[in-house]
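Biologist: I am new to this structure. Please take me closely through one part of it, the aromatic pairs, and then what lies around them.

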Amino acid sequence: MTNHFDYVMEYVDKVTDKYFSSGLSRINHHELVILSIWQLEAEVNNGGFNQYYWNSSGELANEVVTSLVEIGAKETASIVKAANANFPNSDPPKDREMRQDILEILEESGTLKLDSLDDEFYNYPCDLLELIYQYILKHSL
């Protein structure tokens with residue numbers, strides 16, 4: 001498994017560098033799939049869905065659901081879809097400030113429902129590292 005981690009990290013580092021230097025418009029479909037999932041996993045594992053949406057990674061909140069399904073992580077996609085449902089029309093805004101404003105309003109009103117979804121995510125219904133690794137191999141990335 002360590003080799004899988006190293007292999008995936010090498011690819012993720014390359015895509016992340018490309019994303020931060022050139023932006024989303026320079027990322028191809030396969031790179032977007034991996035980047036969106038990797039950012040989700042890193043942020044949620046570090047501070048839950050609230051942190052994920054609060055930070056810039058939340059701009060890919062809608063794309064990551066499709067990405068998760070594409071790699072075969074349907075259970076995880078369902079969890080993210082439920083988290084996205086906290087936002088009006090189940091559509092977290094791409095604009096970070098707008099997402100943050102909505103999160104604050106939901107927190108203040110007591111209607112933000114992310115804690116149980118954090119717990120579901122932490123139970124790892126899908127092995128995302130292995131699925132990303134298999135996706136990279138399948139597409140010869």
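Modeller: Here is a walk through the aromatic pairs, followed by two of the helices. Keep in mind that this is a predicted model.

Start with the count. The structure holds eight aromatic pairs. A pair of aromatic rings is described by two things, the distance of the centres and the angle of the planes.

Take Phe5 and Trp38. Their rings form a tilted pair, 6.5 Å centre to centre, with 45° between the planes. Phe5 belongs to helix H1, residues 2–22, and Trp38 to helix H2, residues 29–54. The pair therefore ties together parts that are 33 residues apart in sequence. How buried or exposed are the two partners? Phe5 has 39% relative accessibility, so Phe5 counts as partly exposed. Trp38 has a relative accessible area of 18% and is buried, because the cut-off for buried is under 20%.

Now go to Phe49 and Phe121. This pair is edge-to-face. The centres are 5.8 Å apart, and the planes make an angle of 80°. Phe49 lies in helix H2, while Phe121 lies in helix H6, residues 115–122. So this pair ties together parts that are 72 residues apart in sequence. Phe49 is buried, at 0% relative accessibility. Phe121 is buried too, with a relative accessible area of 2%.

Phe49 and Phe121 also belong to a wider group. Together with Tyr52, Tyr53, Phe87 and Tyr124, they form one aromatic cluster.

Back to helix H1, where Val15 is found. Val15 is buried, with a relative accessible area of 1%. What does Val15 contact, leaving aside its neighbours within four places in sequence? Val15 is in contact with Ile27, Glu31 and Leu35. Ala61 gives another reference point for Val15: the two are 46 residues apart in sequence and 18 Å apart in space, C-alpha to C-alpha.

Finish with helix H7, residues 128–138. Which residues are buried there? They are Leu128, Leu129, Ile132, Tyr133, Tyr135 and Ile136. Seen down the axis of H7, these buried residues fall within an arc of 160°, so they line one face of the helix. The general rule helps here. An α-helix has 3.6 residues a turn, so residues three or four places apart point the same way. Just after H7 comes Ser140, which takes a positive phi of about 50°.

Key:
Residues are numbered from 1 along each chain as its sequence is written. This is a predicted model: local features need pLDDT of at least 70, side-chain atom pairs count only at pLDDT 80 or more; totals for chains, interfaces and linings use all residues. Side-chain values use heavy atoms; hydrogens and water are left out. Rings of Phe, Tyr and Trp (its six-membered ring) pair if their centres lie within 6.5 Å; planes under 30 degrees apart count as stacked, over 60 as edge-to-face and the rest as tilted. Helices (H or I, at least four residues) and strands (E, at least two) are DSSP runs, numbered from the N terminus. Buried means under 20% relative accessible area, exposed over 50%, partly exposed in between (1.4 Å probe, protein chains only). Contact means heavy atoms within 4.5 Å. The arc is that of the directions from the helix axis to the C-beta atoms.
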